[in-house]
Amino acid sequence: MSTSTSASAKQASAANGLRPTSIWRWRVVDIVVAAVLGVAIGLVFWGWNTIGYAWFGAADALTPGLGGIAVGIWLLGGVVGGLVIRKPGAALVVELVAAIVSMLIGNVWGVSTVLSGIVQGLGAEIIFALFFYRRFGIVVAALAGVGAAVAAWVFELFYGSSPNILKSLEFNTIYLVSVVISGAILAGVVGWLLVRALAVTGALNRFAVGREHVREV
């Protein structure tokens, strides 16, 4: 019975022009889309470098540590990459490419942008791995944003000429809470909505998220 069901599933996939693939095997289309997403989100990062940094500064002036509420957009790459490609390494690759693009266009953080991209991508990657790359709903997306946020908080705690560990416990607590909220909403929920919007256009029909949308409608 199980053999017959498996064969039927494979035939159905073949009929739809799809081939069952291991989550560990990256297709050419996965690589291309990861690169495209990374560049596109890198441009978003570049724009947010001005808007987000101004928001960060204003919030931090109001309450030290509250600036973390603006960080979420910079965590978007890992969430979107994981939700679209759904394979180990996708979250890391997209966040890293986006960080490199942001650095190359020009920002005030230089090479630390790339280091942040690695850490934040790994933070999102860990969450997708905990769900064995099988769950990609809005809750998992929000958790991936939180994972990236916590990773960013830890990185900033120790990195730089004036790491946050030298600041007060109150500051670091407020910053952690702010970054986590921002990661959950601006990276997680917004990232999930963005991927859904892309699926509606048909641009992701080569991916599971695009096929899920087709089945829903």
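This passage walks through the predicted model, from the overall fold to its salt bridges, a surface patch and a buried serine.

The fold is helical throughout in its secondary structure: the chain has eight helices and zero strands, so the elements read α-α-α-α-α-α-α-α from the N terminus on. Of the 217 residues in the chain, 42% are buried. Among contacts with a separation of 6 or more, 70% are between residues 24 or more positions apart. The accessible surface of the chain adds up to about 11,200 Å², and carbon and sulfur atoms account for 71% of that.

Helix 2 deserves a look of its own. With 35 residues at 1.5 Å a residue, helix 2 should span 51 Å, and the 48 Å between its end C-alpha atoms agrees with that. Helix 2 isn't straight, though: there is a bend of about 45° at Trp 48.

Turning to charged side chains, the structure contains three salt bridges. As a rule, side chains of opposite charge can pair when their charged atoms come close. Asp 30 takes part in a salt bridge with Arg 27, where the closest N and O atoms sit 2.9 Å apart. Asp 30 has a relative accessible area of 0%, so this residue is buried, while Arg 27, at 24% relative accessibility, counts as partly exposed. Asp 30 also forms a salt bridge with Lys 87, and here the closest N and O atoms are 2.7 Å apart. Since Lys 87 belongs to the loop between helix 3 (76-85) and helix 4 (90-105) and Asp 30 to helix 2 (residues 28-62), the pair ties together parts that are 57 residues apart in sequence. Lys 87 is buried too, with a relative accessible area of 6%.

The loop between helix 3 and helix 4 holds another charged residue, Arg 86. Its side chain meets that of Glu 212 in a salt bridge of 2.8 Å, N to O. Glu 212 is in helix 8 (residues 208-216), so this pair ties together parts that are 126 residues apart in sequence. Arg 86 counts as buried at 12% relative accessibility, whereas Glu 212, at 27%, counts as partly exposed. Back on the Asp 30 side, shared salt-bridge partners join Arg 27, Asp 30 and Lys 87 into one network.

The surface also carries a nonpolar patch, made up of Ile 126, Leu 130, Phe 131, Ile 138, Val 139 and Leu 143, with about 530 Å² of accessible area together. Helix 5 (112-130) and helix 6 (138-158) each provide at least two of the patch residues, and helix 6 gives the largest share, three residues. One residue of the patch is Leu 143, located in helix 6. At 34% relative accessibility, Leu 143 counts as partly exposed.

Finally, Ser 178 gives a view of a buried site. Ser 178 is part of helix 7 (residues 169-201), and at 4% relative accessibility this serine counts as buried, the cut-off being under 20%. What does Ser 178 contact, leaving aside its neighbours within four places in sequence? The partners are Gly 65, Leu 66, Gly 68 and Ile 69.

Key: Residues numbered from 1 in each chain as written. Predicted model: local features only at pLDDT ≥ 70, side-chain atom pairs only at ≥ 80, totals over all residues. Heavy atoms only, no water. Helix = DSSP H or I, 4+ residues; strand = E, 2+ residues; numbered from the N terminus. Buried < 20%, exposed > 50% of the residue type's maximum accessible area, 1.4 Å probe, protein only. Contact = heavy atoms within 4.5 Å. Salt bridge = Lys/Arg side-chain N within 4 Å of Asp/Glu carboxyl O. Patch = residues over 30% accessible without salt bridge, like charges linked within 9 Å, V, L, I, M, F, W, Y side chains within 5 Å. Areas by Shrake-Rupley, 256 points an atom, 1.4 Å probe, with all protein chains shown as cover. Expected span 1.5 Å × (residues − 1). Bend = angle between axes of the 7 residues up to and from the residue.
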